[in-house]
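Please look through the sequence and the structure shown here, and then follow the explanation below one step at a time.

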Amino acid sequence: MKQVLDFEKPIVNLKEKIAELKGFTEDSEMDLTEEITTLEKRLEILEDDIYGNLQPWDRVQMARHQERPTTLDYIEEIFTDFIEFHGDRLYGDDAAIVSGIALYQGNPVTVIGHQRGKGTKENIHRNFGMPHPEGYRKALRHMRQAEKFNRPIISFIDTKGAYPGKAAEERGQSEAIAHNLMEMAGLTVPIVCIVIGEGGSGGALGLGVGDHIHMLENSTYSVISPEGAAALLWKDSGLAKKAAETMKITSYDLKKLGVIDQIIDEPKGGAHRDVKLQAENINHVLEKSLKELRVLQSDELLEKRWEKYKQIGEYKEI
Amino acid sequence: MLKDFFGKKKKKYASIPSEQGKLEVPEGLMKKCSGCHKIYYRKEMQKNVNVCPNCDYHQSLTAWERIGSLFDEGTFEEWDKQLTTTNPLEFPGYEEKIEKDRIKTGLNEGVVTGKGSINGQPTAFSVMDASFRMGSMGSVMGEKIARAIENAKDESLPLIIFTASGGARMQEGVLSLMQMTKTSIAIKRFSEAGGLMISVMTHPTTGGVSASFASLGDYNFAEPGALIGFAGRRIIEQTIREKLPDDFQTAEFLLKHGQLDKVVHRHEVKSLLTTLLIMHGKGGETS
């Protein structure tokens with residue numbers, strides 16, 4: 001069953017009405033073509049109106065959509081010959097992060113990303129895309145390999161956050177994320193990060209240090225979930241909608257704040273409406289990024305990476 | 001996450017305050033230990049660097065109390081004292097909160113950075129102060145710490161960071177989050193240049209601070225009993241639906257799980273740092 005988001009209900013209602021009229025025309029002698037054409041025009045306007053004016057909370061819903069394409073969906077569309085490699089060599093293999101090598105336009109690249117599940121069963125297997133320390137350590141192991149063999153790294157970000165669990169704390173969730181931040185800073189190959197769904201706090205950041213950071217139009221990137229922010233700031237998780245606005249978490253907000261490089265367009269109604277088109281949109285931006293980054297010498301690359309992050313933040317002198 | 005540290009534990013029994021409990025403690029003169037609740041003269045407690053003489057509980061120190069307890073008199077120089085927030089998200093009420101804490105603490109931000117000498121050993125430092133917005137990290141803190149790291153690199157000084165923070169500062173949203181990256185890259189550059197970085201985690205060190213520079217020292221230490229962790233205890237309990245052990249996310253718990261080099265009593269911190277600074281100095285000629 002397709003998941004319908006609250007703000008999409010008028011569209012769905014109108015679509016049902018049109019389908020009903022079409023069925024009626026086929027079954028009976030009455031010609032309703034004119035009515036149908038009018039309604040279809042109205043539908044187009046309605047869709048443009050709704051999808052063209054998405055509010056932050058709508059985008060949060062979109063980023064969390066059950067059918068939203070995941071890392072593996074995009075890998076399938078954008079790369080060839082992907083081989084997934086497993087394990088951190090220290091503790092285990094974390095299914096919430098996928099990692100491996102593939103060909104991109106004929107050249108080898110390392111691809112890493114958070115991996116959500118789509119159904120309940122897969123989500124349990126993937127721990128809902130919320131990694132443990134071994135996930136970050138696996139990714140780092142592969143990123144170091146990428147550096148050794150001079151392959152660019154492409155990182156897909158899509159997580160509610162690093163898993164808040166007992167075992168994760170025991171095995172050093174903080175240390176694992178911190179180390180990825182530090183080590184990614186020094187990798188001498190290009191890193192392109194693309195936020196495809198939810199960019200949840202430190203858990204997202206653990207795969208998110210790069211030379212270029214892009215976001216799909218309806219993805220989010222935030223220090224805390226809107227629900228968490230509402231509970232923390234106003235002691236009421238019901239105020240999530242308000243928090244989604246206040247916390248400035250949409251791709252447009254992040255572009256304005258100078259955190260990301262580019263917003264990647266989504267098909268009308270969201271990425272899940274047309275995975276191929278979405279992958280194509282990602283592909284264009286990725287191609288451009290890699291072209292720009294590949295020509296840089298490694299010390300130049302690292303210096304630029306530092307400059308990029310150095311300027312993030314606002315302060316004044318008094 | 002932040003509020004976990006301040007949340008009251010639900011008591012399973014009713015308590016009637018004793019006559020003694022009702023006694024007013026004169027503000028400023030006396031101090032109650034947060035561990036055993038015994039009341040002491042503030043001066044007596046201060047002389048003991050806020051470690052309870054009775055139960056050894058390490059009470060929090062302000063940044064300047066900490067600096068005063070470690071650095072040789074007259075040797076320290078403060079950096080970037082004037083940096084303050086601009087309220088980048090235009091978050092309602094944020095500036096008022098900052099102003100209130102500025103008056104309360106006399107600081108412009110929850111971290112004091114600079115350089116000085118410990119027993120004659122020069123070093124750069126960043127000392128966080130949990131009494132300013134719970135030591136949370138926003139743009140200003142990230143910038144001050146990153147600059148301190150860069151300064152240490154440029155002046156070939158070691159760097160000691162004392163952390164005390166509830167994590168990222170909510171009111172600056174994703175800009176706070178990005179300070180984790182900014183500080184971590186700075187440390188990478190410092191480390192590549194051969195710089196010595198020592199992290200001393202004090203109560204509390206959680207969230208974005210524990211998941212960035214606090215964990216990135218060449219040596220990571222913690223004060224006894226300090227709360228250190230990534231996710232808040234209550235969130236974890238809700239997620240896994242089981243009660244966590246009492247010592248969960250304490251310094252001792254981290255030590256047991258291989259996440260720390262050493263738990264160091266506050267009375268021993270200065271001599272440990274001195275020794276390390278000498279051992280990493282050029283031949284230790286100032287020893």
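In which loop of chain B is B:Cys36 found? In this predicted model, B:Cys36 sits in the loop that runs between strand S1 (30–32) and strand S2 (39–41) of chain B. The residue also appears in a database record, since UniProt, in an unreviewed entry, places the feature "binding site" at B:Cys33, B:Cys36, B:Cys52 and B:Cys55. These four positions are spread over 23 residues of sequence, yet they cluster in space, with a largest C-alpha distance of 8.6 Å.

With cysteines clustered in this way, a careful reader will want to know about bonds between them. How many disulfides are counted over all chains? The count comes to 0, and the sulfur atoms of the residues just named help to show how this arises. The closest cysteine sulfur to that of B:Cys36 belongs to B:Cys52 and is 3.7 Å away, which is too far for a bond, because a disulfide requires the two sulfur atoms to be within 2.5 Å. B:Cys52 is likewise in no disulfide, and the cysteine sulfur nearest to its own, that of B:Cys33, is 3.5 Å away.

Are B:Cys36 and B:Cys52 buried or exposed? B:Cys36 has a relative accessibility of 28% and therefore counts as partly exposed, whereas B:Cys52, with a relative accessible area of 1%, is buried.

Turning to chain A, the domain assignment gives domain 1 (6–53) and domain 2 (65–310), and the C-alpha centres of these two domains lie 38 Å apart. UniProt, again in an unreviewed entry, places the feature "domain: CoA carboxyltransferase C-terminal" at residues 38–292 of chain A. That span is 45% helix and 19% strand, and the C-alpha atoms at its ends lie 48 Å apart.

The last stop is the second largest pocket, which holds about 1,100 Å³ of space. It is lined by 46 residues, and those closest to its centre are A:Pro164, A:Ile224, A:Ser225, A:Gly228 and B:Ile235. Several elements each supply at least two residues of this lining, among them strand S5 (191–200) and helix H9 (201–205) of chain A, together with helix H6 (173–192) and helix H8 (233–240) of chain B. The largest share, 5 residues, comes from H10(A), the helix that covers residues 226–234 of chain A. By residue type, the lining of the second largest pocket divides into 20 nonpolar, 19 polar and 7 charged residues.

Technical notes: Residues numbered from 1 in each chain as written. Chains lettered and ligands numbered in written order. Predicted model: local features only at pLDDT ≥ 70, side-chain atom pairs only at ≥ 80, totals over all residues. Heavy atoms only, no water. Domains from an automatic or database assignment. Buried < 20%, exposed > 50% of the residue type's maximum accessible area, 1.4 Å probe, protein only. 1 Å grid on protein atoms, 1.4 Å probe; cavity = no way out; pocket = protein on both sides within 12 Å on 5 of 7 lines; lining within 4 Å. Points joined across faces, edges and corners; volume = space filled by probe spheres on them. Helix = DSSP H or I, 4+ residues; strand = E, 2+ residues; numbered from the N terminus. Nonpolar A, V, L, I, M, F, W, Y, C, P; charged D, E, K, R; others polar. UniProt positions renumbered as here; feature names shortened; annotations may be inferred.
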